[in-house]
Amino acid sequence: MKKIYLISSLAVFIGITVGISFFLIRDASAQVPANITLKDQNDEDYTFDDDRKLKLVEFIYTNCPDICPTTTQKMVQLKGDLEKKNVFGKEIEFVTITIDPYRDTSEVLQKYMNAFEIQNNDNWIFLTGDQENIKADQKKIREVGESLQFQYKDPGNGQFVHTSFTYLIDGNNKFISKFPMGQDFDKKKVYEEIMEEIE
């Protein structure tokens, strides 16, 4: 009986270890395709290969009632901390991508930025799709999301169900780390990891 228990326990342990290893390896190999071009908040083209800076990538939709705006607000506070170190915009930029490009046009994203008093410059980019090629660009946004293991879907009522992570990627768009969104977004931890990468 003890032998069966030990074998069963060992099998469970091995299964858990393999599962954890799979997710760690999967995350470590994640990379945003550099050739993807989307529209920014000024309706201008943005390609992920444009900048060789660290990027903190956030996925949102502007009609989100809770987790998205909470994350954005915490990122505004984080931006202030990085500005004090004179690295925001020089060593790292923020990239916010809407998962609802049909509704979140460049103009809507500008209004979202204004609500959080985010300056409209090249240091914090907000991305959506080209309204004239919206179906194709929706696929591009999904490709970016899936490259980082970010999943989402619209159940039909405009309230998206989505993964709750933000992502730190390097100058080659390779995954470095991920952080919880919303109230669980630990500004201090994210700041420390960014500074560690910079230094």
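## A tour from the surface to the last helix

Start with the whole protein chain, surface shown: the accessible surface comes to about 10800 Å², and 51% of it belongs to carbon and sulfur atoms. Keep in mind that this is a predicted model. Of the 199 residues in the protein chain, 45% are buried.

Switch to cartoon. The protein chain has five helices and nine strands. Trace the sequence and the pattern reads α-β-β-β-α-β-α-β-α-β-β-β-β-α. Turn on contacts next. Take those with a separation of 6 or more: 69% of them come from residues 24 or more positions apart.

**Stop 1: the sheet**

Select the strands of the sheet. Seven strands form an open sheet, ordered β2-β1-β5-β4-β3-β8-β9, with mixed pairing. Go to the edges, where β2 (45-47) and β9 stand. Each has a single partner strand, so one side of each is left without a neighbour in the sheet. Look across the strands: the twist averages 35° from one strand to the next.

Zoom in on β1 (residues 37-40). Strands β1 and β2 run antiparallel and are joined by three bridges. Pick Thr37; its bridge partner in β2 is Thr47.

**Stop 2: helices on the sheet**

Add α2. This helix packs on the sheet and touches β3, β4, β5 (124-128) and β8. The direction of α2 makes about 160° with that of β3.

Now add α4, residues 134-147. Helix α4 packs on the sheet too, touching β1, β3, β4 and β5. Its direction makes about 105° with that of β1.

**Stop 3: helix α5**

Select residues 187-198. This is α5, with 12 residues. From first C-alpha to last, α5 reaches 16 Å, close to the 16 Å expected at 1.5 Å a residue.

Which residues of α5 are buried? Show side chains for Val190, Tyr191, Ile194 and Met195: these are the ones. Look down the axis of α5: the buried residues fall within an arc of 130°, so they line one face of the helix. The spacing has a general basis: an α-helix has 3.6 residues a turn, so residues three or four places apart point the same way.

Rotate to the other side of α5. There, Lys188 and Glu196 are exposed.

What do the buried residues of α5 pack against? Select β3 (54-60), β4 (92-98), β8 (165-169) and β9 (175-180), then add α2 (67-84). The buried residues of α5 pack against these four strands and that helix.

Notes
Residues are numbered from 1 along each chain as its sequence is written. This is a predicted model: local features need pLDDT of at least 70, side-chain atom pairs count only at pLDDT 80 or more; totals for chains, interfaces and linings use all residues. Side-chain values use heavy atoms; hydrogens and water are left out. Helices (H or I, at least four residues) and strands (E, at least two) are DSSP runs, numbered from the N terminus. The expected span of a helix is 1.5 Å times one less than its number of residues. Buried means under 20% relative accessible area, exposed over 50%, partly exposed in between (1.4 Å probe, protein chains only). The arc is that of the directions from the helix axis to the C-beta atoms. Contact means heavy atoms within 4.5 Å. Two strands pair if DSSP finds at least two bridges between them. Axes are lines fitted to C-alpha atoms, for helices over the stretch in contact, and angles run from 0 to 180 degrees between N-to-C directions. Accessible areas come from the Shrake-Rupley method with a 1.4 Å probe; for residues, only the protein chains shown count as cover.
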